[in-house]
Amino acid sequence: MIINYKLLLTGIVYLAILVTACGQNEQATPAVKPPTQQKAGEVIPQMPQLKPIQVTEDTRQTYQWYCSQCHGVKGKGDGINAKFLTVPPRNHTKAEYLETRTDEQLFEAIKFGGLSVGRAPCMPAWGQTLAEDTIHSLVRYIRELCDCEAF
Amino acid sequence: MKTLTTLLLCGLLFSAPANAGVLEDKNCGSCHRLKVEDTETIFTGPDLHYAGNKFQPEWLKQFLINPEVIRPAGFVTDPGFLPKTDLPPHASSSEEDANALAKELMGLKISTSTPVTSEPLTKGLRAKIKYQFERTFGCISCHQSLNLAGKVRGGISGPSLVNAGNRLQADWVSDWLKAPETYTAKRRMPNYKMEPATLDQFTRFLMTLKKENIK
């Protein structure tokens, strides 16, 4: 039997799109963990070291410049893109959820994107844009917004 | 003194229009950056000092005659960008002015873009890159685009890509994805380090997005 691999591959890709996507009216939970930006060899080999970094005016400005597009100016998950996404951006003022996510998980979500921690792909990876210290300070800022901690 | 002032004013009146292009005549520089060296001013509209690298001339002309909304939430430096405000529409021009403006804009270039292939993507590859556009890179969170069924979807904080294939030059798209800092010092978009093959396919995918494909 001759297998048309090209057709098979196209079929698989279509199936994957039907099952998972970030746009409107589509399922948000991936059945199979899809690829992220990192190569297999680049997947974080160890947990990043947590540093006692403080929230500064730069942190707040960084949040306003990048994060607020989706998460809103006050972090309530109501940024201008929010209503166009199937998976609503996280409300950073809700302690109920954020106290279930560790600082490491928040750091990884920012650095490697939502998919890297099993969350929505709508959240892109910021690791090529923001320095690690900036990401650490954003984690602290999210903790300030939710008024909660989780280690 | 009075004579001197009159002479100076006359000098200004006669010298300014002689050197001014149509972009200056139409006061485009009050909202758009037109000069590479103008790095200090914060403009409320998109940079145009590399318009000749970025746009397709026919689209530019049509836009100037009949402007379409590309940034539904405003430009990144617009104070009203967050939260969203109602924006005044871009002024429309006569065909004659549009021709002159487009010609002058196409002359504004800052680099020689690396030529890329514009060969259309196969259906399978298009599906693959559309998937990456949404999931791997999360572009759809900020950019409107077309899905495979021809429906508009996506966020609005970034420029709409629904008509990217008519609006942008493929070489510029590739350059922007590879080294956006060449064009704009501070962006709200994440930087991506794409493999050359992905960059090539991504560029070709974006060039398939055209408003005539909306269903």
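Okay, cavities to start with: searching the whole structure, which is a predicted model, turns up two cavities of 30 Å³ or more. I'll talk about the second largest one, which holds about 40 Å³ of space. What lines it? Trp176(B), Leu177(B), Pro180(B), Met189(B), Pro190(B), Asn191(B) and Tyr192(B) do. Sort that lining by class and you get six nonpolar residues, one polar and no charged ones.

Hang on to Leu177(B) from that lining, since Leu177(B) also shows up in the largest nonpolar core. That core has 43 residues, and Leu177(B) is listed among those with the most contacts inside it, along with Leu105(B), Phe133(B), Phe202(B) and Leu206(B). Several helices of chain B chip in: α2 (22-25), α4 (57-65), α5 (95-106), α6 (123-136), α8 (170-178) and α9 (196-207) each give at least two residues. The core also takes at least three residues from each of domain 1 (22-106) and domain 2 (123-213) of chain B.

Let's zoom in on Phe202(B). Which residues does it contact, if we skip neighbours within four places in sequence? They are Ile129(B), Gln132(B), Phe133(B), Phe137(B), Cys139(B), Leu177(B) and Met194(B).

There's a second, separate core too, with 21 residues, including Cys67(A), Ile110(A), Tyr141(A) and Cys146(A).

Staying in chain A, have a look at Thr62(A), which sits in helix α2 (residues 57-71). Is Thr62(A) buried or exposed? Its relative accessibility is 14%, so Thr62(A) counts as buried. Not counting residues up to four places away in sequence, Thr62(A) touches Cys67(A), Leu130(A), Thr134(A) and Leu138(A). And Cys67(A) is one of the residues in that second core.

Conventions:
Residues are numbered from 1 along each chain as its sequence is written. Chains are lettered from A and ligands numbered from 1 in the order in which they are written. This is a predicted model: local features need pLDDT of at least 70, side-chain atom pairs count only at pLDDT 80 or more; totals for chains, interfaces and linings use all residues. Side-chain values use heavy atoms; hydrogens and water are left out. A nonpolar core is a set of buried Ala, Val, Leu, Ile, Met, Phe, Trp, Tyr and Cys residues joined through side-chain atoms within 4.5 Å. Buried means under 20% relative accessible area, exposed over 50%, partly exposed in between (1.4 Å probe, protein chains only). Helices (H or I, at least four residues) and strands (E, at least two) are DSSP runs, numbered from the N terminus. Domain bounds come from an automatic or database domain assignment. Contact means heavy atoms within 4.5 Å. On a 1 Å grid over the protein atoms alone, a cavity is a set of points where a 1.4 Å probe fits but cannot get out, and a pocket is an open set with protein on both sides within 12 Å along at least five of seven lines; lining residues have an atom within 4 Å of a point. Grid points are joined across faces, edges and corners, and a volume is the space filled by probe spheres set on the points. Ala, Val, Leu, Ile, Met, Phe, Trp, Tyr, Cys and Pro count as nonpolar, Asp, Glu, Lys and Arg as charged, and the others, Gly among them, as polar.
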